[in-house]
Amino acid sequence: MDRPFLRPNGMVLGAPDPRQLADFYERLLGWQRNSDEPTWVTLKAPGGGIGLSFQLETEHAPPVWPAGAGDQQMQVHLDVEVRDLAAAVAWAEKQGAKVAAFQPQDDVRVMIDPVGHPFCLWVPEKG
């Protein structure tokens, strides 16, 4: 059997208020809103590629970072490439993110979005 066409076109984050979380990522990334419903919002990157969607989860439980035994664990997180880590952290905080207490690497900052999803700001290796 030949593999049928398959191409991921987005990542979905659950939130108690999808519009509010989409507002945060819209400001953070500068992406455009593609759809806007009370229970489903999508953002698309200006140059195309994988987008972000936000769906209503009325019982959303934020993950714990880093998770311990019995904690709500994150299922996925976003990695966001940056050129200036300090400037990117300051921008993310201005938009409503928080710096996570635990930071595993010097060239990465784990951030927490307004509803508790971790995401990473990272600087690629030079060379």
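This passage walks through the overall build of a predicted protein model and then looks at one of its helices.

Starting with the whole chain, the secondary structure adds up to 2 helices and 8 strands. Reading along the sequence gives the pattern β-α-β-β-β-β-α-β-β-β. The C-alpha trace spans about 40 × 40 × 35 Å along its principal axes. Of the 127 residues in the chain, 33% are buried. As for what touches what, take the contacts with a separation of 6 or more: 49% of them involve residues 24 or more positions apart.

On the outside, the chain exposes about 8,300 Å², and carbon and sulfur atoms supply 51% of that area. The charged side chains come to 11 positive and 17 negative, with the centres of the two sets 6 Å apart.

Now for helix H2, which runs over residues 85-95. Its buried residues are Leu85, Ala88, Val89, Ala92 and Gln95. These residues sit on the same side of H2 because they cover an arc of only 125° around the axis. Flip to the other side of H2, and Ala86 and Lys94 turn out to be exposed. The cover over the buried residues of H2 includes helix H1 (18-29) along with strands E6 (98-99), E7 (108-112) and E8 (118-122).

The two ends of H2 have their own details. At the N-terminal end, Asp84 acts as a cap, with a side-chain oxygen 3.2 Å from the backbone nitrogen of Ala86. After H2 comes Gly96, which has a positive phi, near 120°.

Conventions
Residues numbered from 1 in each chain as written. Predicted model: local features only at pLDDT ≥ 70, side-chain atom pairs only at ≥ 80, totals over all residues. Heavy atoms only, no water. Helix = DSSP H or I, 4+ residues; strand = E, 2+ residues; numbered from the N terminus. Buried < 20%, exposed > 50% of the residue type's maximum accessible area, 1.4 Å probe, protein only. Contact = heavy atoms within 4.5 Å. Areas by Shrake-Rupley, 256 points an atom, 1.4 Å probe, with all protein chains shown as cover. Lys, Arg positive; Asp, Glu negative; His and termini not counted. Charge placed at Lys NZ, Arg CZ, Asp CG, Glu CD. Arc of directions from axis to C-beta. Polar contact = N/O pair within 3.5 Å; in protein donor to acceptor, adjacent residues only side chain to side chain.
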